[in-house]
Amino acid sequence: MKLDILAFGAHPDDVELSCGGALLKHSSSGKKTGVIDLTLGELGSRGNAKIRLKEAEAAKKILGAAIRENLKMPDGFFLHDKKNILSVVKKIRQYQPDVVICNAPFDRHPDHGRAASLVNDACFLSGLIKIKTSDKGKPQPAFRPKAVYHYVQFKYIKPDFTVDITKQFEKKMESVWC
């Protein structure tokens, strides 16, 4: 399935909190969107991995996302390494998004910056034909998104641009409350 926009989050809820309104805006205008969480958020202070998966599924429906997956990297300890980069490359090649959105490169939470770097590198590497990946045994063609954008979660970082989500704000907050 081809997606127009694929948003990555280090943790379940990163996407809802930061770019959920933008995803709502685009999905309501006919764009096909998806979300991939890198971790289960198992180190989070509230809830546990099982609860967070249920919350993520409920938020997916509210956001109108076509897919939501979790790569189950270890929360707090995932590495920016070949194995994890290739797992993201496979998802980019599988869904062939025109646009990828991911965590901010600089953030208070160490997972967020690491996730931004990992996803950014995977977006570039996914376009290299010499990197071989497969999906269900079938070779995946090289593919590179047209753009990669980073979302910010804290007010002390000034974004390069903003998206007006006034009309989507209430529904975005529904997804956050999941």
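**Exercise 1. Place D37 in this predicted model and decide whether D37 is buried or exposed.**

Solution. Start with the secondary structure: D37 belongs to strand β2, which covers residues 33-39. Next, take the relative accessibility, which is 1% for D37. Buried means under 20% relative accessible area. D37 therefore counts as buried.

**Exercise 2. Find which residues D37 is in contact with, leaving aside its neighbours within four places in sequence, and which side chain makes a polar contact with the side chain of D37.**

Solution. With those neighbours set aside, the contacts of D37 are G9, H11, P12, A56, R68, E69, N70 and L71. Then look at the side chains: those of D37 and R68 make a polar contact at 2.9 Å. R68 thus appears both in the contact list and as a polar partner of D37.

**Exercise 3. Locate Q96, give its phi, and classify its exposure.**

Solution. Q96 sits in the loop that runs between α3 (82-95) and β4 (99-102). Its phi is near 40°, a positive value in a residue other than glycine. The relative accessible area of Q96 is 27%. Partly exposed covers the range between under 20% and over 50%, so Q96 is partly exposed.

**Exercise 4. Treat K136 in the same steps: loop, phi, exposure.**

Solution. The loop holding K136 lies between β5 (134-135) and β6 (138-139). Phi of K136 is near 55°, again positive in a residue that is not glycine. The relative accessible area of K136 is 82%. Exposed means over 50%, so K136 is exposed.

Technical notes: Residues numbered from 1 in each chain as written. Predicted model: local features only at pLDDT ≥ 70, side-chain atom pairs only at ≥ 80, totals over all residues. Heavy atoms only, no water. Helix = DSSP H or I, 4+ residues; strand = E, 2+ residues; numbered from the N terminus. Buried < 20%, exposed > 50% of the residue type's maximum accessible area, 1.4 Å probe, protein only. Polar contact = N/O pair within 3.5 Å; in protein donor to acceptor, adjacent residues only side chain to side chain. Contact = heavy atoms within 4.5 Å.
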